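Here's a quick tour of one protein chain, written for someone just getting started. Have a look at the sequence and the 3D view first, then read on.

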Amino acid sequence: MERTMTAAGLACAACGTELPANSKFCNECGAPVPAGTEHAEYKQVTVLFADVVHSMDIASAVGAERLREIMTELVERSAAVVRRYGGTVDKFTGDGIMAVFGAPAALEDHAVRACLAALAIQEEAKRLAGEVRDRDTVELWLRVGLNSGQVIAGEIGSGHFGYTAVGEQVGMAQRMESVAPPAGVMLSASTARLVEGAAALGESELVQIKGGEAPVPARRLLGLGEKRRGVGRAESKLVGRRREMSTVEGLLDRAIDGHGAVVATVGSPGIGKSRLVREVAAIARRRNVEVFTTFCESHATDVPFRVVARLLRTATGVEGLDAVAARAQVRARVRDADTEDLALFDDLLGIADPDVALPKIDPDARRRRLTALVNGASLARQASTVYVIEDAHWIDEVSESMLAEFLTVIPQTPSLMLVTYRPEYRGALTRVADAHTIALAPLSDSVIGSKFSRDLLETLTNDPVLDDLVGGELIDQITFTADPAYVFHHPLVRTVAYEAQLKSDRAELHRRVAAAIESRDPTGAEENAALIAEHLEAAGDLRFAYGWHMRSATWATNRDINAARLSWERARRIADALPADGPNRAAMRIAPRTMLCGTSWRAHMSVAGARFDELRELCTVAGDKASLAIAMAGLVVDHTFQSRMREGSRLASEAWALAEVLGDPTLTVGLSFPVIYAKVQSTEYSDALRWSQRVIDLADGDPSRGNFLFGSPLALAFTSRAMARYWLGRPGWREDLRDGLAMARRADPMSYVTVVGYAYGGGIPFGVLWPDDSVLREIEDALRIAERSGDDLALTFARLTLGFALVHRPAVPEHDRGQKLLAEVSEALGEYNMSELSLVKIYLARERARRGDRDDAISTMRDSVDHLFREGQLLGWGVPATGVLVETLLDRGAENDVAEAKAAIERLASAPADEGLVIRDIRLLRLRALLARARGDEAGYRDYRDLYRDMATDLGFEGHIKWAEAMP
């Protein structure tokens with residue numbers, strides 16, 4: 001509770017009642033009124049001005065005494081409305097009021113509340129105007145203006161001049177009121193933007209305001225409907241919630257199959273609850289599932305039945321219908337219901353027949369009968385449905401009770417109920433049996449200033465009142481050691497506390513915090529580097545902040561690539577803002593750009609174009625060839641991911657040659673993964689073998705040498721050497737795989753997942769390895785690690801590898817799971833445009849062919865193999881892809897299938913290569929054996945089969961050994 005001062009003296013901040021001086025409690029609502037003055041602070045608010053039109057004319061017509069009565073009544077009604085919507089009456093202006101929403105108490109929806117209040121004030125004014133017209137024969141009109149923005153709020157001066165808000169935003173609100181039409185409400189552009197998704201607004205118009213040189217935009221407020229804020233806005237791509245989305249999609253699938261579920265999504269304000277719900281709703285609609293949505297509002301917690309009535313109006317389809325049509329609609333949907341129950345239901349929906357008397361029953365009986373009616377209708381409903389209730393922490397008590405009972409039958413219906421609320425909510429909807437709870441964590445743990453210790457706080461202020469803050473649920477204690485740690489209860493609390501401080505005080509506090517963090521834990525400086533950098537940047541110490549941002553990025557590169565890229569981006573921004581003649585500015589501009597280019601592939605970012613060209617120009621001017629080589633490595637992967645294999649291979653050779661000329665072993669090892677990857681993808685296995693060997697020699701047994709782009713280049717070099725060796729028929733590949741996997745297990749998640757993907761994601765489709773139980777366990781482990789890492793690319797690799805493994809297992813349930821994984825991962829591969837997508841399409845088509853849809857499946861296979869041929873990948877993924885196509889053609893055995901299979905085999909056999917590729921050769925033996933059998937050439941079949949078996953055994957290729965043994 002805060003003190004509020006009015007022109008008349010002290011007022012209660014909770015209800016606005018004027019109080020005698022030195023009051024300790026409000027005479028009206030009983031709220032405590034603490035002593036002391038309010039210091040000035042920044043607040044995000046919406047200011048409302050309401051003013052009587054032509055008040056002087058009214059005064060001359062009715063006299064001063066009657067005018068006072070009219071104005072007293074108008075102000076009292078208006079003040080009651082302001083308080084109803086959580087605002088504070090700032091002052092009486094003589095012929096109107098000024099009110100503030102968002103001060104003293106912060107309100108996240110201050111603009112919506114102010115709009116609701118403005119419309120309600122006009123309604124009150126109209127009612128009062130009718131009374132005045134009847135008694136005094138004069139017209140009473142009110143104009144209202146709103147503006148939103150930052151103000152400074154607090155006590156004015158050292159005496160009792162009152163708590164008020166000051167700043168240009170207050171003046172703009174008054175200007176909006178002056179241009180509003182009589183009985184109208186005018187919004188500034190800032191307020192209109194905040195409520196655009198929820199309010200009905202007039203067209204934007206330019207208005208000339210007092211003191212303004214040019215007209216400013218404004219919009220009329222026409223109404224505030226039931227539409228949710230943000231409806232209709234453009235949506236960005238949902239990122240970082242893959243696991244949560246996968247969970248809800250799985251439950252949606254079960255619901256469509258008749259096994260309903262309740263899903264509670266819990267998270268702090270702004271963390272993405274509504275965004276996730278909208279994504280699920282969009283998926284449901286694409287599957288022809290009906291979606292019914294409602295939401296709760298902070299200002300309506302005491303309006304009974306509000307939420308449940310709105311949800312049921314949507315679900316029954318009565319929205320927009322007149323009462324007669326709506327009642328007919330209800331009866332068509334709820335057949336054979338009791339007449340009295342239907343009357344109660346009509347009343348709940350606001351469509352009651354005035355000629356039908358309602359049953360005289362107590363509220364509990366009414367609730368029970370309505371609940372039974374709705375539950376019965378839900379159980380009878382056959383169509384799959386998604387229901388959404390957002391912001392249940394603001395639900396009214398009656399709706400909460402009824403919905404809690406509704407949810408008990410959801411598992412028996414083909415329905416999914418999504419409920420969102422904040423962590424502090426402890427109501428009945430959190431205790432639904434068998435509900436699934438998804439707690440949304442922050443996408444980044446590096447929320448500057450959100451976590452702090454008592455010791456750190458004491459460096460900034462003497463005797464911090466932490467117990468009061470914990471008791472008020474503004475902060476939470478999370479450790480109970482000698483130096484306890486705390487976090488802000490909500491991100492919003494931290495934001496409000498920070499933004500409320502005057503800018504002149506912030507810089508010094510930031511410097512002191514940065515120094516305290518560094519000195520208190522010197523061994524954790526790298527881990528805290530991002531935090532220190534943020535404080536120094538906020539303090540204006542840009543060069544020091546740059547250094548700490550770069551340290552933070554280096555520490556995070558192999559822990560959280562997105563956090564690392566954020567630090568590089570901030571360092572880049574600082575370097576660009578430094579004076580052009582500042583010392584080392586060119587090098588400071590190059591360094592973060594180099595790493596952003598070099599790691600772009602890990603964050604699904606394209607580096608080609610202006611970003612790379614700018615860096616190349618900077619490096620050329622500075623003569624910085626090492627940075628250029630690192631950036632080129634990122635461009636190599638960019639080309640390769642985009643299936644531009646030849647360009648990627650050529651650029652890889654240039655980057656490798658440049659690194660070798662520079663003669664820096666760490667540089668050469670560090671950029672090896674992208675360039676060797678390009679050579680593998682372009683099927684230049686001799687280069688891949690030679691370069692992998694060079695990296696192994698230069699790393700000299702150090703797994704982390706050159707880890708500025710990738711956690712363990714040496715682990716990957718062993719794995720890529722294994723791949724090159726088995727492609728070329730060289731010995732030692734099995735030992736290389738073993739060494740690479742062992743080393744990767746001790747490295748970072750991306751290194752481990754990538755090595756597992758190289759080892760098994762390639763080895764299994766090529767027939768080198770067999771997905772036995774131990775292999776599946778290792779891939780599953782890699783998947784779990786990838787899921788915990790938050791690295792989307794690592795997760796895609798892990799899911800792809802597991803999908804490849806499962807579709808090669810013999811059991812049908814494993815096939816089905818593998819097919820589902822590959823279908824899910826194909827979307828991500830499409831976003832990266834990776835060449836693996838063609839093989840995924842091949843395997844998905846093979847599963848369709850096995851289920852009888854051979855014609856469509858073969859068409860897909862044919863297109864995918866042709867694509868690989870055009871992109872120069874026939875001697876890569878084209879080998880297993882051609883194998884699947886040929887075997888499917890021969891299985892179908894249509895008139896031209898044998899001829900097409902033979903042509904596909906010959907195209908694979910004739911593809912040019914620098915030297916013999918045993919992966920191709922062994923696959924050709926198998927395919928030629930199958931072709932001979934299809935043509936009735938039993939002798940040829942046996943010859944090729946025996947050659948195939950012998951070669952598989954000699955090479956030790958586990959998959960081919962299994963397949964050869966299965967050939968009769």
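Let's begin with a word you'll need a lot: a residue is called buried when its relative accessible area is under 20%, exposed when it is over 50%, and partly exposed in between (1.4 Å probe, protein chains only). What you're looking at is a predicted model, where local features need pLDDT of at least 70, side-chain atom pairs count only at pLDDT 80 or more, and totals for chains, interfaces and linings use all residues. Residues are numbered from 1 along each chain as its sequence is written, and side-chain values use heavy atoms, with hydrogens and water left out.

**The whole chain**

- The chain has 968 residues, and 53% of them count as buried.
- Its secondary structure comes to 39 helices and 20 strands; these are DSSP runs, numbered from the N terminus, with helices (H or I) of at least four residues and strands (E) of at least two.
- Take the contacts (heavy atoms within 4.5 Å) between residues at least 6 apart in sequence: 67% of them join residues at least 24 apart.
- About 42600 Å² of the chain is exposed, and carbon and sulfur atoms supply 51% of that; such areas come from the Shrake-Rupley method with a 1.4 Å probe, and for residues only the protein chains shown count as cover.

**Ser 188 and its surroundings**

- Is Ser 188 buried or exposed? It counts as buried, because its relative accessibility is 4%.
- You'll find Ser 188 in strand β9, which covers residues 185-188.
- Skipping its neighbours within four places in sequence, Ser 188 is in contact with Leu 146, Asn 147, Ser 148, Met 172, Met 176 and Pro 217.
- The side chains of Ser 188 and Asn 147 make a polar contact at 2.5 Å. That term means a pair of N or O atoms within 3.5 Å; within protein, one must be able to donate a hydrogen and the other to accept it, and residues adjacent in sequence count only if both atoms are side-chain atoms.
- Ser 188 and Val 216 sit 28 residues apart along the chain, with 8.4 Å between their C-alpha atoms.

**The largest nonpolar core**

- A nonpolar core is a set of buried Ala, Val, Leu, Ile, Met, Phe, Trp, Tyr and Cys residues joined through side-chain atoms within 4.5 Å.
- The largest one here has 163 residues, and the members touching the most others are Val 675, Tyr 726, Tyr 760 and Leu 822.
- Helix α27 (residues 713-728) gives the most to this core: 11 residues.
- Beyond its neighbours within four places in sequence, Val 675 is in contact with Val 636, Ala 652, Ala 655, Trp 656 and Trp 691.
- Trp 656 also turns up among the contacts of Thr 668, along with Ala 659, Glu 660 and Leu 698, again leaving aside neighbours within four places.
- Thr 668 belongs to helix α24 (residues 665-670), and it counts as buried because its relative accessibility is 1%.

**Aromatic rings**

- The structure holds 16 aromatic pairs. Rings of Phe, Tyr and Trp (its six-membered ring) pair if their centres lie within 6.5 Å; planes under 30 degrees apart count as stacked, over 60 as edge-to-face and the rest as tilted.
- One tilted pair is Phe 673 with Tyr 677, at 5.9 Å centre to centre and 45° between the planes.
- Because Phe 673 and Tyr 677 are 4 residues apart in helix α25 (residues 672-681), about one helical turn separates them.
- Both Phe 673 and Tyr 677 are buried.
- Ring pairs also link Tyr 685, Trp 727, Phe 766, Phe 804, Tyr 843 and Trp 877 into a cluster.

**Helix α2**

- Helix α2 (residues 64-84) has 21 residues, so at 1.5 Å a residue it should span 30 Å, and its end C-alpha atoms are indeed 30 Å apart. The expected span is 1.5 Å times one less than the number of residues.
- Its buried residues include Leu 67, Ile 70, Met 71 and Leu 74.
- After α2 comes Gly 86, with a positive phi near 80°.

**Backbone oddities**

- The peptide bond from Ala 103 to Pro 104 is cis, with omega near 0°, and Pro 104 lies in the loop between β6 (96-101) and α3 (110-136).
- Thr 137 isn't glycine, yet its phi is positive, near 50°.
- Asn 584 is another non-glycine residue with positive phi, near 60°, and it lies in the loop between α19 (561-577) and α20 (585-598).
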